[in-house]
Amino acid sequence: MAETIIRAGVIGHPIGHSRSPLIHRSWLARHRIDGRYDAHDISPADLLSFFAAMRDGAMAGCNVTIPHKETVLAHLDRLTDTARTIGAVNTVWREGDRLIGDNTDTYGFAANLDKHAPDWDRAGGRALVLGAGGAALAIVHALIERGFAAVNIANRTPDRAQRLADRFGGPCRAVALDDPDLYRDANLVVNTTSLTMGEQMDERPWPGLERLADGATVTDIVYTPLKTSLLNAAERQGFRTVDGLGMLLHQAVPGFERWFGVRPAVTPALREQLVADLDRHA
C-alpha cells in the first residue's frame with residue numbers, strides 16, 4: 001500500500017537552532033494530520049539533489065533558513081511577487097513537478113503587529129527601520145505595502161542603508177544612525193539588527209526614543225531575549241511594544257497551509273510552548 005504521509009521540513013546549514021519543527025509538529029498534532037515535519041542540515045553543495053528529490057515527490061515543500069534564503073532561488077521554477085521583490089525565499093512548495101518559492105516574513109511581521117498593536121499602520125505613518133540586512137528587506141516591503149508615508153532606514157554601514165532605500169524607492173530614504181533627530185516623530189520603530197540578540201543586560205541606553213510620536217509602537221524582531229533592551233527602554237518611555245516571537249509564529253502559517261491543507265492558528269498556548277522551549281535552551 002502506498003505511503004500517504006505528507007512530508008515537509010526546514011533546511012539550513014547548520015539547522016539545530018530552528019524552532020520550526022516545534023511549531024509545525026504542534027499544529028500537526030492539533031489537527032490530527034498524518035504528516036511529518038523534520039529539520040534537514042543541507043550543505044550548499046547538496047541543494048541540487050535535495051530539490052531534485054522534492055520534485056520527484058519526496059516532500060510537499062520546506063522552509064528555508066540561513067544560509068540558503070538567496071541561493072535557493074536558482075533551484076526554483078517560480079517565485080511569488082513578494083519573493084521576487086525581496087530577493088529571498090523562506091518557504092517552498094511543490095505543484096506537480098514544479099517548485100514555487102515565497103517569502104512569508106513580510107506576512108509574519110505584519111500579522112504579528114496586527115494582532116498585538118492594532119492601528120500600527122495608521123495612514124500616513126512614519127517608520128524607522130534599524131538595520132539594512134536580509135530581514136530589513138522583508139520589513140521595508142511590508143511597510144510600503146501598508147502605505148507608510150516615510151520609511152527611514154539607518155544602518156551602521158551607511159552605504160547598505162542607501163542601497164536598500166534605492167532598491168525600494170518611494171517613501172524610503174537612508175538616514176544617519178547618529179542623527180540626533182533619528183527618532184523624531186516616528187510612529188513605528190523596527191529593530192532588524194542583531195544588536196539586541198543574546199543580551200545579558202536590559203539597560204542599554206537608547207537616547208532619543210522620547211522624541212517618538214505620541215502613541216508610537218516599537219518592535220524588535222529579535223526574540224532571544226524576548227524583551228530586549230530596546231523594548232524595555234520604549235516601555236519606560238510609555239510606548240507600546242511588540243516582541244519578535246509572533247513574527248516567527250505567524251510567518252509559519254502560510255507554509256503549513258500550503259503543505260498540509262489546513263490553515264493553523266497562532267494561539268497563546270503555542271506561544272507559551274515556544275517560550276518554554278526558549279527558556280530551556282537559554
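This text walks through a predicted model, starting with a sheet, moving to a helix and ending with some backbone details.

The sheet is open and has six strands, in the order 2-1-3-5-6-4, with mixed pairing. At its edges lie strand 2 and strand 4, each of which pairs on one side only. Helix 9, residues 253–260, packs on this sheet and touches strand 1 (6–12), strand 2, strand 3 and strand 5 (91–95). The direction of helix 9 makes about 20° with that of strand 5.

Strands of a sheet pair through backbone hydrogen bonds, and the pairing is either parallel or antiparallel. Strand 4 pairs with strand 6 (residues 98–102) in the parallel sense, over two bridges. L79 can be used to find this place, as L79 stands opposite G101 in strand 6.

The loop between strand 3 (61–64) and strand 4 (78–79) contains P67. The peptide bond that joins I66 and P67 is cis, with omega about 10°. A cis peptide bond also joins T224 and P225, and there omega is about 10°. P225 belongs to the loop between strand 11 (217–220) and helix 7 (229–236).

That loop leads to helix 7. Is helix 7 enclosed by the rest of the structure or open? Six of its eight residues are buried, so helix 7 is largely enclosed by the rest of the structure. A residue counts as buried when its relative accessible area is under 20%. The buried residues of helix 7 are S229, L230, L231, N232, A233 and A234. Their cover includes strand 10 (188–191), strand 11 and strand 12 (240–242). After helix 7 comes G238, which has a positive phi near 90°.

Two residues other than glycine also have a positive phi. R32 has a phi of about 55°, and R32 sits in the loop between helix 1 (20–30) and strand 2 (35–41). The other is D119, with phi near 70°, in the loop between helix 4 (105–116) and strand 7 (126–130).

Are these two residues buried or exposed? To count as exposed, a residue needs a relative accessible area over 50%. R32 has 79% relative accessibility and therefore counts as exposed. D119 counts as exposed too, because its relative accessibility is 57%. The buried residues of helix 7, among them L230 and L231, fall in the opposite class.

Technical notes. Residues are numbered from 1 along each chain as its sequence is written. This is a predicted model: local features need pLDDT of at least 70, side-chain atom pairs count only at pLDDT 80 or more; totals for chains, interfaces and linings use all residues. Side-chain values use heavy atoms; hydrogens and water are left out. Helices (H or I, at least four residues) and strands (E, at least two) are DSSP runs, numbered from the N terminus. Buried means under 20% relative accessible area, exposed over 50%, partly exposed in between (1.4 Å probe, protein chains only). Two strands pair if DSSP finds at least two bridges between them. Contact means heavy atoms within 4.5 Å. Axes are lines fitted to C-alpha atoms, for helices over the stretch in contact, and angles run from 0 to 180 degrees between N-to-C directions.
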